[in-house]
Structure formats: C-alpha cells, structure tokens
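Reader: I'm new to this one and would like a close look at a single part. Could you walk me through the place where the two chains meet, and then show me what sits behind it?

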2 protein chains.
Amino acid sequence: MLTVKTPDEALEVIRGSFCCIAGEENVPLDQAAGRVLCKDIYASEYVPGFDRSAVDGYAVRAADTFGCTDAIPAILEKQAGIEMGSGAEPLRPGCCAPIPTGGALPEGADAAVMQELAEDYGDGTVGITKPAAPGMNIIYRGDDVYPGKPVLKRGKVLSARHIGALAAMGMCEVPVYERIRVGIISTGDELVEVEKTPAAGQIRDVNTAMLAALCREMGCDTVEYGIVRDEEKLIGSMLDRALNECHMVLMSGGSSVGEKDAACRIMAARGEILFHGIAMKPGKPTILCKSGKKPVIGLPGHPGAAFLVSRLLLPQLLCSIGGREVRRYPVQARLAEPVSANHGRAQYTAVKLMDNGENVVAVPARGQSGLITNLAYSDGFFCIPRDTEGAAAGETVQVYLYDN
Amino acid sequence: MLTVKTPDEALEVIRGSFCCIAGEENVPLDQAAGRVLCKDIYASEYVPGFDRSAVDGYAVRAADTFGCTDAIPAILEKQAGIEMGSGAEPLRPGCCAPIPTGGALPEGADAAVMQELAEDYGDGTVGITKPAAPGMNIIYRGDDVYPGKPVLKRGKVLSARHIGALAAMGMCEVPVYERIRVGIISTGDELVEVEKTPAAGQIRDVNTAMLAALCREMGCDTVEYGIVRDEEKLIGSMLDRALNECHMVLMSGGSSVGEKDAACRIMAARGEILFHGIAMKPGKPTILCKSGKKPVIGLPGHPGAAFLVSRLLLPQLLCSIGGREVRRYPVQARLAEPVSANHGRAQYTAVKLMDNGENVVAVPARGQSGLITNLAYSDGFFCIPRDTEGAAAGETVQVYLYDN
C-alpha cells in the first residue's frame, strides 16, 4: 500500500490535510523579530502625524513666490525658525520661516523652498529666486499611512523592516503565533551520540543536531529526544511522548526495508498515513502521517536526504500548522557541468554557487551519497523534473538556497 | 571637506580600513548555528568510518558471482546476517551474508548485491542472478571525508547543514568568533520613544528597534542607548560610552545641515572620517568614521534610508571586523513598471516580488519617502547605477532580498 507522491503532490497533500494549531500570544516589539504575525495589521494613526518639510529651507505661502526670478526675487519677512520636535506659530502672509528637513510645516504655509533657492539678506528679510508650487517639498500628514490602511498581513515572518513599520505606528505589543514546537527523534541501532567515538559498524547521530538547527532557523522551538533503538515498542512510546509534548514530530530512521515497514506500522497505529514515499531522489522513503491534528514525518536516515526532504516539506507544514507564509524565490544560475537524471523521479541536485563576476554559476556537488561533502559544500539545490533527461552545462537552473 | 563615495567605493574603503576585532571562543555544537567559524575545519577521521553497503541485499565476493545469469544463478552459502551497528564476521569464500543499507561490509566481501537480484532458497543457500563488479554498491571508508580533508572555511556562517557536517565528524565544540556587539544611538529633538504618543512636530524613534532587529538578524548582539537630544555634548558622551562598550556604533540622526555638521564634528573628534556622503539615493548623508579599530556609522535619520544604507554597509563591516563571509546572490526579476533615476547617484529602489507562475515580477514601491509603506511592503531592492537613465518595464533586474 505504498502511496508514492510527486514532490508537488506531497505539498498539496499537506495543504489539504492540516490546519493551524499554533496558539496566539502578544510579544513585546523587541522580541517580535522572526515571529509570525497572527493578525492583519492596520494603521491606527497618521504617519507622518503632521505636514513636514522634505528639505532644509524656508516654509512659505506659495502664492507669495509667484512670478519671482533670479533678477527679481520675492522678498519675504523672516519669522522665527521652526525647531525640530516642536509645533510652529502660524505663517503670516508675506512671510517665510526657516525650516529643517522633517520640521513641522506652520499653519498657513503650503510649500517649502530649498535653502539653495533663497538668500537671507540679514536684515530680517529673505529673497526667494524661484516660484514654489503649492505642495512643493511637503510630505503631508498621512502620506505614508492613515488610520485603517492595511500594513502587514497575517502570516508575515517579521524581520527588521517590519519591526520598523510597527515601531513607527507605536505598536509595542505584537500579536504573533506561538512558536511551533518540533520533536526530533533519531532511530537506528547503528547510531551513537555525536560526542562518542563510533565502534565497528556504528555512525554518529547527525540528524538530531542538524534537524534541530534547521527547525530553529525556521523559527521553531525544538525538543530533542535523542537516539532510540530499532524496537517498535521503544520507538512507539517515544513517539507518543513527542506527540504529547510537541506540535509536530520529525522521526528519522534507517532506510532498510524492515525499518521502513516498522516506522510505517508505528505511525499507522497513531494516525493516518497520508503518503508513503515521495518520487524524489534523494528522499524517496519519506512517510507523512497525521496523528490527531499533528504531523509526523518519517524521514530517511541518511542526513543528506533527511535535510533535503525537510527543506522541501517543512515550509509548507509550518504554513499549514503554524500560520507562517511560504515565500521562496530561486536564484538563477548557469550550470557548470551537465547533470544526468533518472527517469521517473524528480532529482534534487545540491550545488555550490560561485559568482564569476558575470554570472552566478552553479557547480554540482559530486557524489550524491557524500554526507558531509554535500552538506558542507553546497549552497542550495535545483530540481530536475521527473521524466527529464537531465540538465546540460550552461543551462540556466533555478537554485533554491538553503539559507533563506 | 565632503568626501562623497560611490557605494562600491564605500565598500572598498571598509575593506581597506578595518581588521578583525572579534575575539574567539568555543561554543557547544547545539549553540553554533548562526555563529561565524573562526578556524578552517579539517576532517580528523574517516567518514564513513567503515565500508558500508548502499543497498539492502547480500554482501558477496564479486568473483563468486562472475558468469552467473538468470538461468544459471551463482549459488552461495548464506552466513549470519549483518546487524546494523555491529561489526561482522569475515565472509568466507563461496558465501554471502544478508546486509541492510548502511550495514558494515564484512572482511572478505567486496560488493553488495541488491535483494531484487538474489533469491533465498530457504535451505541455507542464496542464488545470485547477476554478476557483481568489485566495489558495486559499496560506500568505502573515507569516501566522504578523510583525515586532513578541508571541510569548512573560516568565516562561514554556520547553518543547519554545517551543523550536520560538524556532527558527523564528532565536533562537539566549535571554534567561532565572538558575536559583534553593536551600539545603537538615535539622535534628534523630534524623537520620542515608540510607546509614547508624539506631540506636535514629534515622531517616534523607529531606528532603534529596526536597526537592533537588523543587527540581530546578522548575528550581532546589540546595546540600545535610546534617544539622545541634539546637543553635541550629550551625543558625544553617549558615543564615548558606546565605543567603550561595543565593537561598532550605529548612530542615526536628523538630516538637516546643522545636525549633519554636528554629527561629523562629534565623530571627527573621536577618530578619522573615512567618508562623508555616499552617492546613493536614498542614503546620501552617511558618514563612516574609524575610532581606534572600531567603526562608527552616522546614518541618515529617515528610517527607510537608514535601513537601506545599513543593509549595504553592515555585511562588509561584519566581514571586516567580525570575520563573517560576505555572500549575497540576487534574485532575477522582471520589472513591472518603469523606474526613473537621477543622474549622478546610484538609485536604490525598493520592490515587492510576486511570482506570477512564469516569472518573478518586481513591483517598485511607490513614494521613496514612504517610511512604513516602503519598509513593510517591499521584499528587497535593486540598484540603478549612477549615470543611467532608469529602468524600463519588463527589464530584468537583480533584486537583493532583505531577508537573506
């Protein structure tokens, strides 16, 4: 009963099967970066809150400058200058007031004249040498936003510039989704902890540390359950514990037939198997299960494959259960060497990017099975669709960066 | 003495003027993500540490299978199966041993035959129907890395896949640069704290929260010194304190002529002004000063300009003083609308990216002065070089994403 999906179908299954299970909370603005907005944000005030000058110069009534020239300047009486951060006394007809960039336009004024187009005669008058049009060099109240204007959408992952926008509107508390808590379980009799020296036939548990770092990069909290021996009872009870404590579980395991069957049985006993197998290379033996409202992913044991599958599925899963927007834009690069592909499976090829000054060049990582090599040297991957013969040298490929 | 630089010249000045001032420390592997490697990392062991099977099947001596066919299989005696995580007893001539994917190849074996090409007769013998070549389906000890092989370079910003590579090599402690500590000072009489309601002529201090978030996104620690009134003595003593406590200081201030002059005087009294003005729009009134070995950046007060200038200069500064590699790849997008440009200054235009299914489309943010609008709605920027007339609709532009 292997229900193998293409990568796109797998994402579609996720979209159709899960709903948001993250709670909502308010966090202080200075802790909101990296969090996911849980409400649409509308402006509640005018920004700027007053008409401002966009230049250093003089606030004027435009009409008072009409017809002036270099030869026949408009002579205006100079009022008191406008101070930053203060209101200003109204501008009288026939007058001008020195104003700094960002200064509040006085009542009565409707334009600002650049300093370079004015001359202070030192006798209480100023000559303006070029007529000002009404509105010239003015940023009006509400030019940026006004009450009710939509500013940020629910699902937005807040970064510095959004923090800036929220600060400008005086939002000290930000409504965000609770961080998704991901449980991470590594299974396999061959695994030992990173700090141990592997004995004959043993390898280190790479997936726990790597997947935890990946989940944290994506804004999640993690609970690492460590290594569980390949016994159905032990794995099952660890999975129960993780499902109880977390929103989602990543379980990576060996890829031998017996182990795959066991992982599938363990998951099936706790929920619905949505698919068993993705037609991608690497990454085929991936299982997705829905236990209650929570996803459990059975990942391949090979760290390279586990990484790539996680990179593919997690953004959509975090969107579905955690409200986080999915937005990824590839970098276009020219392939340095031809890459052959198997028919019938989408092939994901790790590449290193290099900028040769003219183009971004993608150099395929050699040896699909190289664990450290692939992970350490590559910057991202591109996909050769199933039923395609491969990609030629010089071809433009769409590279999805890992760190993005 | 305004020494205005182009953006490229400004980066060149940074490269030539600063050296690494970040200390070094060791952090546990699970805290190393996002940190910057301070040493080249070489493998110190073999990965994998033993010859492994790449398939589920049988370990064999290839010579024992030569000449076999579907019709005349090679009949081999079945030894005890190889368990994951254990060493194996040697393979005797004329024998085979069941082996799982990842299992240790027994001494004497030199190939693995896929299960699908073997039949277990149930009488202690197995028939192999296709000859195995020596080395077939074997991942050799050290195939991935071997002692002395360079794996990661100093300066690498560690992300999940690097954590994976380090875990595979058993590195529990990772040598990294100390986080760069950035002091943030906002100056201006018009500024009030975010939580306050601005009175006439006042605006909220956006830069403190925004720049702090930006620095933290780039792996820095921050010290926020808040708002300082426009008095040279106050600003000077706050800058002294920040220089004392931090590796670098970002000071954003008003853009009126008087304020700019004051900022420049204050910095000049504490170090060397490397440039005063960048020929870019927005962002012209930017000052870079070197005080001892520490950079002080005088940023424009307008948050949109302060953000863009920081996004441009910080990566190179963090490279120079913090050892962090600079690597940015643009996303190619088609411009949705024409953008006009001023001659004589590189113009940075904020754009929102949209994927129309065929192409990534860049929609310019309207209104350069829109603070919230530009920051909240745009995903990145592209640059129109100085002395260029602008960019046409449909033109391909290189968009540098903010969140990257």
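Author: Sure, let's start with the contact itself: chain B puts in 81 residues and chain A puts in 80 residues. Keep in mind as we go that this is a predicted model. The size of an interface is often given as the accessible area lost when the parts come together. Here the area buried between chain B and chain A comes to about 6,400 Å², with carbon and sulfur atoms giving 58% of that. On chain B's side, look for Arg161(B), Tyr329(B) and Ile372(B): these three supply 12% of the area that chain B buries against chain A, more than any other three residues.

Now for the charged and polar links. Four salt bridges turn up across the interface of chain B and chain A. One of them joins the side chains of Arg161(A) and Asp379(B), at 3.8 Å from N to O. Polar contacts are there too, with 18 residue pairs across the interface of the two chains, both residues at pLDDT 80 or more.

Which pieces of chain B do the touching? Quite a mix: among the elements that each supply at least two residues to the side touching chain A are helix H2 (160–168), helix H3 (207–217), helix H5 (257–268), strand E24 (346–355) and helix H7 (371–377) of chain B. The largest share, eight residues, comes from H2(B). Sorted by class, chain B's side of the contact has 43 nonpolar residues, along with 19 polar and 19 charged ones.

H3(B) is a handy bridge to the next stop, since this helix supplies residues to the contact and also packs on a sheet, touching E13, E16, strand E17 (248–253) and strand E21 (294–300) of chain B. Its direction makes about 170° with that of E16(B).

As for the sheet, it's an open one of six strands in chain B, in the order E16-E13-E17-E21-E20-E18, with mixed pairing. Its edges are strand E16 (221–228) and strand E18 (272–276) of chain B, each of which pairs on one side only. From one strand to the next, the twist averages 15°. If you want a pair to zoom in on, try strand E13 (residues 181–187) of chain B with E16(B): they run parallel and share seven bridges. Within that pair, Val182(B) has Thr222(B) in E16(B) as its bridge partner.

One last helix to find is H6 (residues 303–322) of chain B, which lies across E17, E18 and E21 of chain B and runs at about 170° to E21(B).

Note on methods
Residues are numbered from 1 along each chain as its sequence is written. Chains are lettered from A and ligands numbered from 1 in the order in which they are written. This is a predicted model: local features need pLDDT of at least 70, side-chain atom pairs count only at pLDDT 80 or more; totals for chains, interfaces and linings use all residues. Side-chain values use heavy atoms; hydrogens and water are left out. Contact means heavy atoms within 4.5 Å. Buried area is the accessible area (1.4 Å probe) that two parts lose on being put together, summed over both. A polar contact is a pair of N or O atoms within 3.5 Å; within protein, one must be able to donate a hydrogen and the other to accept it, and residues adjacent in sequence count only if both atoms are side-chain atoms. Helices (H or I, at least four residues) and strands (E, at least two) are DSSP runs, numbered from the N terminus. Ala, Val, Leu, Ile, Met, Phe, Trp, Tyr, Cys and Pro count as nonpolar, Asp, Glu, Lys and Arg as charged, and the others, Gly among them, as polar. Two strands pair if DSSP finds at least two bridges between them. Axes are lines fitted to C-alpha atoms, for helices over the stretch in contact, and angles run from 0 to 180 degrees between N-to-C directions.
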